[in-house]
Structures are given as C-alpha cells and as structure tokens.
Amino acid sequence: MKRFPVFALSFFFLQTCYVKGQTAKDTLDIKQVALDYIESQHLVKPERFERAAHPRMVKRTFWTDKKTGKEYLRETFTDAMVLLAETYNQDGDGFPKNPKKEVVILDIYDKTASVKLIADEWIDYMHIVKLNGKWQLVNVLWQFNDSESH
C-alpha cells in the first residue's frame, strides 16, 4: 500500500516535466515564416507571403472610428495580404532603406509557436503551426508602436 503514493507522485512528476523538443530546423523554419511575412512586402514578393501563410490566416488589429471615437477589431485575410505584398511597396518608398525586422521566438511547443516581429512602426504577434510537416502562419495580432495611430 505504501508504494502506491510513491508511484503516483513519480508518475505526476514525470508528466509535469515532459517537454516536447524542437529541432534547430524547426527554429529556422519558424523564423523564415516571419521573415517571409514581412519581406514579401519589403521586396514585393507575394509568393513569399503565400509560402508563409496558411490559406485561412487571419490578421487583426484594433482601429478607431474617427467619427465616433469607438475602437473596434479590424481583420485582414490571406488573399488581401497577398495583394498588399504585390502592390504596397512597388515604388520602393513604403519602408525605410534598411527596414527593421527583428524576429523573437517567444515559445515553441510541439507543433505550435508564438513569435514577435518587431518592425519599424509596429509589432506583430504571430501564431505559427506545423501542418503536414510545414510551419505556416495562422494568426497575427498587430499594432502600431504609437497606438494613437490606429
């Protein structure tokens, strides 16, 4: 009878200490997703955004209605982001000459990752998932550095 509590405690300890390991390739692939996301706009390469994002990716931010002053949630989807990557920086004046693109991996667990992208005028928090062996962007929550700009 005295063995059961020891066994139960040992089992509990092993369960709480179990960690899913990632490979160096996972880390590089996750970082590449974030870079493809931002560089698709810098370099006018929509195919890089398509490579990075799941077809059902959603990008959100808060916005302020200028007439009422009320804040609301604004959403953008993969197709609109591909169009943005095709058009936004065509004249080469949408970003600084050497744009900031700092990728910080906040967490990786098994097939999910949370990433923070620090750009020139805003930050993006990203959720990236590994589906069928490929890391893909599924959620983005972003804001300007100056939240009054929304």
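Visitor: Which side chain meets aspartate 26 in a salt bridge?
Guide: This is a predicted model. In it, the closest N to O distance of the pair is 2.9 Å. A salt bridge needs a Lys or Arg nitrogen within 4 Å of a carboxyl oxygen of Asp or Glu. The partner of aspartate 26 is lysine 130.

Visitor: How many residues apart in sequence are the parts that this pair ties together?
Guide: Aspartate 26 lies in helix α2, which covers residues 24-42. Lysine 130 lies in strand β5. The pair therefore ties together parts of the chain whose separation in sequence is 104 residues.

Visitor: Is aspartate 26 buried or exposed?
Guide: Buried means under 20% relative accessible area. Aspartate 26 has 7%, so the label is buried.

Visitor: And what label does lysine 130 get?
Guide: Partly exposed covers the range between under 20% and over 50%. Lysine 130 has a relative accessible area of 22%, so the label is partly exposed.

Visitor: Which residue forms a salt bridge with aspartate 36?
Guide: Look for the nitrogen partner. The closest N and O atoms are 2.7 Å apart. Aspartate 36 lies in helix α2 and the partner in helix α3, so the pair ties together parts 15 residues apart in sequence. That partner is arginine 51.

Visitor: Aspartate 36 and arginine 51: which one is buried, and which one is partly exposed?
Guide: Aspartate 36 has 3% relative accessibility, so it counts as buried. Arginine 51 has a relative accessible area of 42%. That makes arginine 51 partly exposed.

Visitor: Which residue meets arginine 60 in a salt bridge?
Guide: The N to O distance here is 2.7 Å. Arginine 60 sits in strand β1 (residues 53-64), and the partner sits in strand β2 (residues 71-77), 15 residues apart. Arginine 60 is partly exposed at 27%, and the partner is partly exposed at 40%. The partner is glutamate 75.

Visitor: Which residues do salt bridges with shared partners join into one network?
Guide: Aspartate 36 and arginine 51 form a salt bridge. Shared partners bring both into one network. Its members are Asp36, Glu39, Arg48, Arg51 and Lys101.

Visitor: How many salt bridges are there by this rule?
Guide: The rule is a distance of within 4 Å between the nitrogen and the oxygen. The pair of aspartate 26 and lysine 130 is joined by a salt bridge. The count comes to seven.

Visitor: Is arginine 48 buried or exposed?
Guide: Arginine 48 lies in helix α3, residues 46-52. Leaving aside neighbours within four places in sequence, its contacts are Gln32, Leu35, Asp36, Glu39, Ser40 and Leu43. Its relative accessibility is 15%, so arginine 48 counts as buried.

Visitor: Which residues does histidine 42 contact, leaving aside its neighbours within four places in sequence?
Guide: Histidine 42 lies in helix α2. With a relative accessible area of 12%, it is buried. Its contacts are Asn89, Phe95, Pro99, Lys100 and Lys101.

Visitor: Which residues form a nonpolar patch on the surface?
Guide: One member lies in strand β5, residues 122-131. That member has 36% relative accessibility, so it counts as partly exposed. Together the patch has about 280 Å² of accessible area. The residues are Leu106, Tyr125 and Leu141.

Visitor: Which element gives the most to the lining of the largest pocket?
Guide: The largest pocket holds about 490 Å³ of space. Of its 21 lining residues, the closest to the centre are Gln41, Lys59, Leu84, Trp142 and Phe144. α2, β1, β2, α4 (78-87) and β6 (134-144) each supply at least two residues of the lining. With four residues, the element that gives the most is β1.

Visitor: What pattern does the chain follow along the sequence?
Guide: The chain has four helices and six strands. Reading along the sequence puts them in order. The pattern is α-α-α-β-β-α-β-β-β-β.

Visitor: What percentage of the residues is buried?
Guide: The cut-off is under 20% relative accessible area. The chain has 150 residues. The buried share is 32%.

Visitor: How much of the exposed area do carbon and sulfur atoms supply?
Guide: The chain exposes about 10,100 Å². Carbon and sulfur atoms supply 56%.

Technical notes
Residues numbered from 1 in each chain as written. Predicted model: local features only at pLDDT ≥ 70, side-chain atom pairs only at ≥ 80, totals over all residues. Heavy atoms only, no water. Buried < 20%, exposed > 50% of the residue type's maximum accessible area, 1.4 Å probe, protein only. Contact = heavy atoms within 4.5 Å. Patch = residues over 30% accessible without salt bridge, like charges linked within 9 Å, V, L, I, M, F, W, Y side chains within 5 Å. Areas by Shrake-Rupley, 256 points an atom, 1.4 Å probe, with all protein chains shown as cover. 1 Å grid on protein atoms, 1.4 Å probe; cavity = no way out; pocket = protein on both sides within 12 Å on 5 of 7 lines; lining within 4 Å. Points joined across faces, edges and corners; volume = space filled by probe spheres on them.
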